[in-house]
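The following exercises ask the student to read a protein model step by step. Each task is followed by a worked solution.

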Amino acid sequence: MTDLREKLRQAFRQEHREYLEGIRAALDAASAGQAPGPRALDELCRQAHSLKGAAHAVDLPAVVALAHRLETLFDRVRQGTAALDGDAVGLSRAALDMVEDLAAALDGPRPGRDPAPVLARLDARLGTGPAVPLPPPPAEPPPIEL
């Protein structure tokens, strides 16, 4: 591994934590009923965008995808076309947890969770992918013949 690549990884290890902490602080405030103002929404978008760029630099495409979708969600909230409601906050937290799992792979091989379900939920929320199907209802027992 080149020195430059290792320096990028070291920077990402620190930077991604800062971005996640900033995003989580805004999500916590929203959960407590404090709607983020314009500056806070600008900052949310900036942090998600910066996370996306940092992940791209260290070749973590799943983190890039997650950060891109979060940035889109936060931008829609900023534009007033989406709400930072409980579902959006929970989904954002799930995405951030996944980012942490994927970022941990930089420190060595770890069995990671598949980001596809979180990405699919984000796509469904954003209307950019197929809706995530609900589990089928339980099968009804066959009628009893007398």
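The model is predicted. About 8,900 Å² of the chain is exposed, and carbon and sulfur atoms supply 57% of that area.

**Exercise 1.** Determine how many helices and strands the chain has, and state what share of its residues is buried.

*Solution.* Step 1: the count gives 5 helices and 0 strands. Step 2: along the sequence, the pattern therefore reads α-α-α-α-α, given that helices and strands are numbered from the N terminus. Step 3: of the 146 residues in the chain, 36% are buried. Step 4: among contacts with a separation of 6 or more, 70% join residues 24 or more positions apart.

**Exercise 2.** Determine how the axes of helix α2 and helix α3 are arranged relative to each other.

*Solution.* Step 1: identify the elements; α2 covers residues 38-57 and α3 covers residues 61-79. Step 2: their axes come within 8 Å and cross at roughly 165°. Step 3: angles over 145 degrees count as roughly antiparallel. Step 4: α2 and α3 are therefore roughly antiparallel to each other. Step 5: the crossing in which α2 passes α3 is left-handed. Step 6: name the residues that form the contact; α2 contributes L41, D42, L44, C45, A48, H49, L51, K52, A55 and H56, while α3 contributes V63, V64, A67, H68, L70, E71, F74, D75, V77 and R78. Step 7: sort these residues by character, which gives 12 nonpolar, 3 polar and 5 charged.

**Exercise 3.** Decide whether R13 is buried, partly exposed or exposed, and list its contacts beyond four places in sequence.

*Solution.* Step 1: locate R13 in helix α1, which spans residues 3-31. Step 2: the relative accessible area of R13 is 17%. Step 3: buried means under 20%, so R13 is buried. Step 4: setting aside residues up to four places away in sequence, R13 touches E6, L106 and D107.

**Exercise 4.** Classify R76 in the same manner, and find how far R76 lies from L126 in sequence and in space.

*Solution.* Step 1: R76 belongs to helix α3. Step 2: the relative accessible area of R76 is 26%. Step 3: buried requires under 20% and exposed over 50%, so R76 is partly exposed. Step 4: R76 and L126 are 50 residues apart in sequence, yet 8.9 Å apart in space from C-alpha to C-alpha. Step 5: without its neighbours within four places in sequence, R76 is in contact with T81, A82, L126 and T128.

How values were computed. Residues numbered from 1 in each chain as written. Predicted model: local features only at pLDDT ≥ 70, side-chain atom pairs only at ≥ 80, totals over all residues. Heavy atoms only, no water. Helix = DSSP H or I, 4+ residues; strand = E, 2+ residues; numbered from the N terminus. Buried < 20%, exposed > 50% of the residue type's maximum accessible area, 1.4 Å probe, protein only. Contact = heavy atoms within 4.5 Å. Areas by Shrake-Rupley, 256 points an atom, 1.4 Å probe, with all protein chains shown as cover. Axes fitted to C-alpha atoms, helices over the stretch in contact; angles between N-to-C directions. Parallel < 35°, antiparallel > 145°, perpendicular 65-115°, else oblique. Left-handed = near helix turned anticlockwise from the far one by under 90°. Nonpolar A, V, L, I, M, F, W, Y, C, P; charged D, E, K, R; others polar.
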